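Here are some short exercises to work through with the model open beside you. Try each task first, then follow the steps of the solution.

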Amino acid sequence: MVDLTVSIGALKLKNPVMPASGCFAHEYADAMDLSRLGAVVTKSVTPKRRIGNPVPRVCETDSGMLNSIGIPSSGLLYYVDKIVPRYKAVAAPLVASVSADTADEFAAACEALSVPGVAAIEANISCPNLEADGRAFAMSTHDTERAIAEIKRHSRVPIWAKLTPNVTDIAEIARAAEAGGADALVVANTLLGMAIDPETRKPKLGNVMGGLSGPAIRPVIVRMVFQCARAVKIPVIGCGGIMTGEDAVEYLLAGAAAVQVGTASFLDPAAMIGVIDGLREYCERHGIERVAELTGALRIDAGLSDRWLRLAQQSG
Ligand SMILES: Cc1cc2nc3c(=O)[nH]c(=O)nc-3n(C[C@H](O)[C@H](O)[C@H](O)COP(=O)(O)O)c2cc1C
């Protein structure tokens with residue numbers, strides 16, 4: 001029997017696989033036993049009701065998809081009242097993802113979300129910061145550290161900081177989130193992209209630009225997980241293009257302690273179960289007793305010094 005349990009700080013998970021925010025809802029119970037998941041992560045909730053972006057909100061691309069959903073939300077009160085109780089019977093910790101317009105609003109929302117039934121909060125700091133002209137919080141070390149510190153001061157559950165890959169140096173953002181007090185990092189949200197229909201000459205998304213997800217982004221995010229895991233001591237949760245157990249192994253070897261699955265669930269609603277089973281099979285095949293042993297177990301030639309890796313990251 002393979003031990004699939006992992007720890008994200010004080011939180012013990014029965015396995016390292018959980019949904020990516022926005023790519024999952026309670027209705028997935030029709031396709032799988034939700035209690036088999038390591039954790040359940042819900043769609044980002046915002047303090048107040050929001051309707052989201054103009055349509056079309058999604059389009060398919062080579063090996064992935066673009067979305068500009070814009071975080072439609074029923075608001076915090078509805079979430080705490082109606083969504084949290086729905087997961088009471090699910091034997092997997094509930095992680096509430098939250099987005100807000102300012103650091104203070106983030107902090108107030110996280111205070112309101114620190115209720116029984118919520119095991120951790122994922123702060124989606126990849127969203128626009130209205131106090132910085134709409135630049136995402138996680139595009140700046142200062143805004144990242146400040147938002148996370150405010151959130152920590154007001155919450156009573158562990159805080160995971162979800163970073164954006166749309167930065168030059170993700171390691172410095174990871175360090176800022178850790179300095180702010182984050183208990184874990186989620187690396188990462190979608191990569192900014194754009195697609196145009198040559199026939200109509202129009203952008204394929206109503207919002208013109210959107211977030212790229214799916215297998216197309218996996219090599220980029222695996223690289224970022226590798227960089228973040230070397231930069232911080234807190235656990236890193238990898239997210240980007242995971243379709244199979246072996247894709248999840250790739251993230252664990254790069255340094256992730258757990259993984260999130262997003263776009264794959266749109267192709268196959270039971271994809272996360274396939275990832276869990278695939279992880280177990282990989283461990284059995286390789287004689288690995290505890291999946292946690294895989295975290296950071298990448299084999300790099302001992303001759304490759306940190307200086308070489310620094311140069312590699314600059315030259316590609
Ligand atoms: C349709 C859609 C909606 C999303 N909504 C959210 C969201 O509300 N909050 C968030 O933090 N990330 C959101 N994401 C990003 C995913 O959680 C994830 O970070 C990203 O899709 C990369 O993982 P994947 O390649 O496995 O999909 C969304 C992604 C998609 C495709």
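**Exercise 1. The shell around the ligand**

Sort the residues in the shell around the ligand by class: how many are nonpolar, polar and charged?

Solution. The shell has 7 nonpolar, 13 polar and 2 charged residues. For this sorting, Ala, Val, Leu, Ile, Met, Phe, Trp, Tyr, Cys and Pro count as nonpolar, Asp, Glu, Lys and Arg as charged, and the others, Gly among them, as polar. Next, look at who is in the shell: 22 residues surround the ligand, and the closest are Ser21, Ser44, Lys162, Gly241 and Thr263. A residue belongs here if one of its heavy atoms lies within 4 Å of the ligand.

Before going on, please note that this is a predicted model, in which local features need pLDDT of at least 70 and side-chain atom pairs count only at pLDDT 80 or more, while totals for chains, interfaces and linings use all residues. Residues are numbered from 1 along each chain as its sequence is written, and side-chain values use heavy atoms, with hydrogens and water left out.

**Exercise 2. Polar side chains at the ligand**

Which side chains place an N or O atom 2.6 Å or 3.3 Å from an oxygen atom of the ligand?

Solution. Start with Thr263, where the distance is 2.6 Å. For Asn189, the distance is 3.3 Å. Then add Asn124, with a polar side-chain atom 3.2 Å from a ligand oxygen. Finally, consider the cover: the ligand taken alone exposes 610 Å², and the protein buries 96% of that (Shrake-Rupley method, 1.4 Å probe; for residues, only the protein chains shown count as cover).

**Exercise 3. Thr263 in its loop**

Is Thr263 buried or exposed?

Solution. First locate Thr263 in the loop between β16 (258-261) and α7 (264-267); helices (H or I, at least four residues) and strands (E, at least two) are DSSP runs, numbered from the N terminus. Thr263 counts as buried because its relative accessible area is 12% (buried means under 20%, exposed over 50%, partly exposed in between, with a 1.4 Å probe and protein chains only). Now check the neighbours: leaving out residues up to four places away in sequence, Thr263 touches Cys23, Met65, Ser213 and Gly214, where contact means heavy atoms within 4.5 Å. With Ser213, the side chain of Thr263 also makes a polar contact of 2.7 Å (a pair of N or O atoms within 3.5 Å; within protein, one must be able to donate a hydrogen and the other to accept it, and residues adjacent in sequence count only if both atoms are side-chain atoms).

**Exercise 4. Helix α4 from start to end**

Which elements do the buried residues of α4 pack against?

Solution. Begin with the buried residues of α4 (170-180), among them Ile170, Ile173 and Ala177. Their packing partners are α3 (141-154), β9 (159-163), β10 (184-187) and α5 (218-231). At the start of α4, a side-chain oxygen of Asp169 comes within 3.2 Å of the backbone nitrogen of Ala171. Just after the helix, Gly181 has a positive phi of about 110 degrees.

**Exercise 5. The whole chain**

What share of the 316 residues in the protein chain is buried?

Solution. The buried share is 52%. Counting elements next gives 9 helices and 16 strands. Last, look at the contacts between residues at least 6 apart in sequence: 70% of them join residues at least 24 apart.
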